[in-house]
Amino acid sequence: MTHRTRPPSRICPNCDGFASAAITLGGRDLNGHLRTITAYCPACHGTGTARRSPAREGARV
């Protein structure tokens, strides 16, 4: 009996699956912690995967 394979993952073409990044703002706060913000990919909204586009009926292949 063969094993079923998973379909290929739908990686976001804009961020290549790296949906978020920590960006330093420079400097440190009073406690000595590095100040950072998190930036998310605007196309996939931080999920790292692309949406499936349903096949249109009557579309040419």
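Q: I am starting with a single residue of this structure, so how should I read the relative accessibility of Ile23?
A: Relative accessibility sorts residues into classes, and a residue between the 20% limit for buried and the 50% limit for exposed is called partly exposed. In this predicted model, Ile23 has a relative accessibility of 40%, so Ile23 counts as partly exposed.

Q: Where along the chain does Ile23 sit, and which residues does Ile23 contact beyond its neighbours within four places in sequence?
A: Ile23 belongs to strand S1, a strand that covers residues 20–28. Once the neighbours within four places are set aside, the contacts of Ile23 are with Arg35, Thr36, Ile37 and Ala39. To read such a contact, it helps to look at sequence and space together: Ile23 and Ala39 are 16 residues apart in sequence, while their C-alpha atoms are 7.1 Å apart in space.

Q: What can be said about Ala39 itself, and in which strand is Ala39 placed?
A: Ala39 is part of strand S2, which spans residues 34–40. With a relative accessible area of 30%, Ala39 is partly exposed. Leaving out neighbours within four places in sequence, Ala39 is in contact with Ala19, Ser20, Ala21 and Ile23. For one of these partners, Ser20, the C-alpha atoms of the pair are separated by 5.5 Å, although the two residues lie 19 residues apart along the chain.

Q: How many helices and strands should I look for in the whole protein?
A: The protein has 2 strands and 0 helices, which tells you that S1 and S2 are the elements to find when you trace the chain.

Q: Which residues make the nonpolar surface patch?
A: Ile23, Leu25 and Ile37 form a nonpolar surface patch of about 250 Å². Leu25, like Ile23, can be found in strand S1, and Leu25 counts as partly exposed because its relative accessibility is 47%. For the surface taken as a whole, the protein exposes about 6100 Å², and carbon and sulfur atoms supply 52% of that area.

Q: What share of the residues counts as buried, and which residues make up the largest nonpolar core?
A: As a general idea, nonpolar side chains in soluble globular proteins tend to be buried together. Here, 10% of the 61 residues of the protein count as buried. The largest nonpolar core consists of 5 residues, namely Cys12, Cys15, Ala19, Cys41 and Cys44. Within that core, Cys15 is buried with a relative accessible area of 13%, and Cys44 is buried at 7% relative accessibility. Cys41 touches Cys12, Asn14, Cys15, Ala19 and Gly46, when residues up to four places away in sequence are not counted.

Q: With several cysteines in that core, how many disulfides are there, and why?
A: A disulfide is assigned here only when two cysteine sulfur atoms lie within 2.5 Å, and the count by this rule comes to 0 disulfides. For Cys15, the closest cysteine sulfur is that of Cys12, at 3.8 Å, which is too far for a bond. For Cys44, the closest cysteine sulfur is that of Cys41, and that distance of 3.7 Å is also too far for a bond.

Q: How should I read phi, and what is the value for Asp16?
A: The general idea is that most residues other than glycine have a negative phi. Asp16 has a phi near 55°, a positive value in a residue other than glycine. Asp16 lies in the segment before S1, and its relative accessible area of 53% makes Asp16 exposed. His45 also has a positive phi, of about 60°, although His45 is not a glycine. His45 is found in the segment after S2 and is exposed, with a relative accessible area of 66%.

Q: What share of the contacts join residues at least 24 apart, taking contacts between residues at least 6 apart in sequence?
A: Among those contacts, 48% join residues at least 24 apart. A separate way to look across the chain is to take one pair of residues: the C-alpha atoms of Ser9 and Ala50, which are 41 residues apart along the chain, are separated by 8.9 Å. Ser9 lies in the segment before S1, and Ser9 is exposed, with a relative accessible area of 58%.

Note on methods
Residues numbered from 1 in each chain as written. Predicted model: local features only at pLDDT ≥ 70, side-chain atom pairs only at ≥ 80, totals over all residues. Heavy atoms only, no water. Patch = residues over 30% accessible without salt bridge, like charges linked within 9 Å, V, L, I, M, F, W, Y side chains within 5 Å. Areas by Shrake-Rupley, 256 points an atom, 1.4 Å probe, with all protein chains shown as cover. Salt bridge = Lys/Arg side-chain N within 4 Å of Asp/Glu carboxyl O. Helix = DSSP H or I, 4+ residues; strand = E, 2+ residues; numbered from the N terminus. Buried < 20%, exposed > 50% of the residue type's maximum accessible area, 1.4 Å probe, protein only. Contact = heavy atoms within 4.5 Å. Core = buried A, V, L, I, M, F, W, Y, C linked by side-chain atoms within 4.5 Å.
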